[in-house]
Amino acid sequence: MICVTIACGSHTRMVAEHERLAQEGVKLVELRLDFLRREPDLNRIIPHRPTATVLTVRRQQDGGLWRDSEEKRLMLLRTAIATEPEFIDLEIDVAEKIPLFGKTRRIISYHNLETMPENLERLYLTMLAKNPYFIKIAVTPQSLSEMYLFLNFIRRKNEEAKQLGENGIRVIGICMGEMGKAARILSKRFSMPYTYATFSEDRIIAPGLIVYKDLLDLYHYDYIDQETAVYGIIGNPLGHSMSPLVHNRAFIEQKINAVYIPLQIEESDVEDLIRLAPELGLQGISVTIPHKTTIISQLTKADQAVEKIGACNTVVFRQGERIGYNTDYIASIGSIETALDGSILDEDSVLRNQTALVLGAGGAGKALAYGLVQRGAMVTVTDINPTQAMELARHFGIDYIRWEHRETLQPNILLNCTSVGMYPKVDEMPYSKSALRSSMLVFDAVYNPEHTLLIRTAKEKGCKVVTGIEMFVGQACYQFKLFTGQHTSPSKMRIRLKEAIARMNWA
Ligand code: NAP
């Protein structure tokens, strides 16, 4: 179950949002009275509440907004419990000051906004002694290992509680921060009774809290169960990564019981993630900046492209093996060959003996240069950072040209693998209009926006073009096949991706 938190400054809005959530089928709502700007008027929000309700008045030290005295807060809690909401949230240290009343069930809570408690078992036992209906423990793990130990503890306690039947006390475990999003989405895997979510994006009142619509529509929370296979993306930052959207939709459309989650982790956590993958139920991961190189040392097997490019964007966990792939290069090279009336399946590639200029010697530049060389093209690379470009040229045995001289080359294929032109700096392009020739094929790895200034200008000039959307969709389809063994529809993925980018840019 999802408990949606409403945290807003006005009573009128709180009531309206509660009504809306009820109409949308939400069954449990937390009202954060500490967010109300005026003195909370329980008569306006409790008697006609449209769903089961948790009343919470959170202190600032626990991440709340309550500004008045502690005495007044306790008085409000006592008055609140007398209105008999379904649940009341009481911090562990005040629980004894607010006696049990009527049918209201007590959620005894603990918040640590900085770290982990020293002794979880002791904390749990203390909370258990305070007459809880549920226990809620919110902590801030400093590493993935800490997060795992915590979640394992929560799972154990919930399983023990299930054995006790009606007398068992279930625990909601919350890991603050971006890394903890995974635990919020996977709450059922840890047998938690429910997970918290926020009403809207502008109300992320606790770090890592997810918008309830995203939990339902993006992660398909209602369909997750103990059997659900878990996939994810590791990177930092993950921001508005589009990968969860395309993979989760494909899982639903193809009726595969799986979920794809964001795992924003530090480089120092990569090794732990690999170690803990089986415990977290992870069967495969996408890897993005800055972990594409770090991950390689954790693989037990890798395809040739990973070794040659020195970057891995996909890991599959199978029978104790951790197998690395690079689907970036094959997707983009495939799209370019198709645009030139060839196919990635042709033994003799349309790219053979074509001249190609790769702008940018980072992750995408390396993948594209590798693919072009594999298919027989004559490749030159350049980058604003000459050392990086020279290193790449030496690695693949290709030519290098200084960034300032790039337009003296007029290649058959021009590839932008820098971030120039990416949202929000959409008025920039890495190669001038006057240097473009209608005979060129122009590829741009940037996918937001799809029609970068470079792509638009190249089209005007009569060039063939391939956009970063094709690369993104292609690599995601290859990944999906590696993860699940099944094909997914590139055209559906393309539509979803374009819609999501449009929504994001309008927001
Ligand atoms: P990266 O590893 O940071 O490489 C980008 C390279 O371009 C770096 O060497 C960078 O130099 C250079 N560069 C940056 N700004 C430049 C400028 N103004 N002029 C010249 N060179 C410049 O990034 P990446 O992973 O390769 O990604 C590059 C672009 O491709 C991004 O926009 C990314 O979103 C896109 N991409 C798309 C897909 C897809 O599926 N469509 C997949 C991967 C990447 P410095 O390091 O000195 O900044």
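Start by selecting strand β4, residues 87-91, together with strand β5; five bridges join the two, and they run parallel. Keep in mind that this is a predicted model.

Within this pair, pick L90, which stands opposite I108 in β5.

Now select β5 by itself, residues 105-111. How many of its seven residues are buried? Six are, so the strand is largely enclosed by the rest of the structure. A residue is called buried here if 20 or more other C-beta atoms lie within 10 Å of its own C-beta atom.

Next, add strand β6, residues 134-139, which pairs with β5 in the parallel sense over five bridges. To see one contact between them, pick H111; its bridge partner in β6 is A138.

Then show helix α4, residues 120-128. Together with β5 and β6, helix α4 makes a right-handed β-α-β unit.

Move on to another part of the chain. Strands of a sheet pair through backbone hydrogen bonds, either parallel or antiparallel. Select β15 to β20: these six strands form an open sheet with parallel pairing. In what order do the strands lie? The order is β17-β16-β15-β18-β19-β20. At the edges stand β17 (399-400) and β20 (464-466), each with a single partner strand, so one side of each is left without a neighbour in the sheet.

Finish at the β20 edge. Select strand β19, residues 441-444, and β20; three bridges pair them in the parallel sense. The last residues to pick are L441 and K464: L441 stands opposite K464, which is in β20.

Notes:
Residues are numbered from 1 along each chain as its sequence is written. This is a predicted model: local features need pLDDT of at least 70, side-chain atom pairs count only at pLDDT 80 or more; totals for chains, interfaces and linings use all residues. Two strands pair if DSSP finds at least two bridges between them. Helices (H or I, at least four residues) and strands (E, at least two) are DSSP runs, numbered from the N terminus. A residue is buried if 20 or more other C-beta atoms lie within 10 Å of its own, exposed if 12 or fewer, and partly exposed in between; C-beta atoms are placed from the backbone. A crossover is right-handed if, with the strands pointing away from the viewer, the path from the first strand over the helix to the second runs clockwise.
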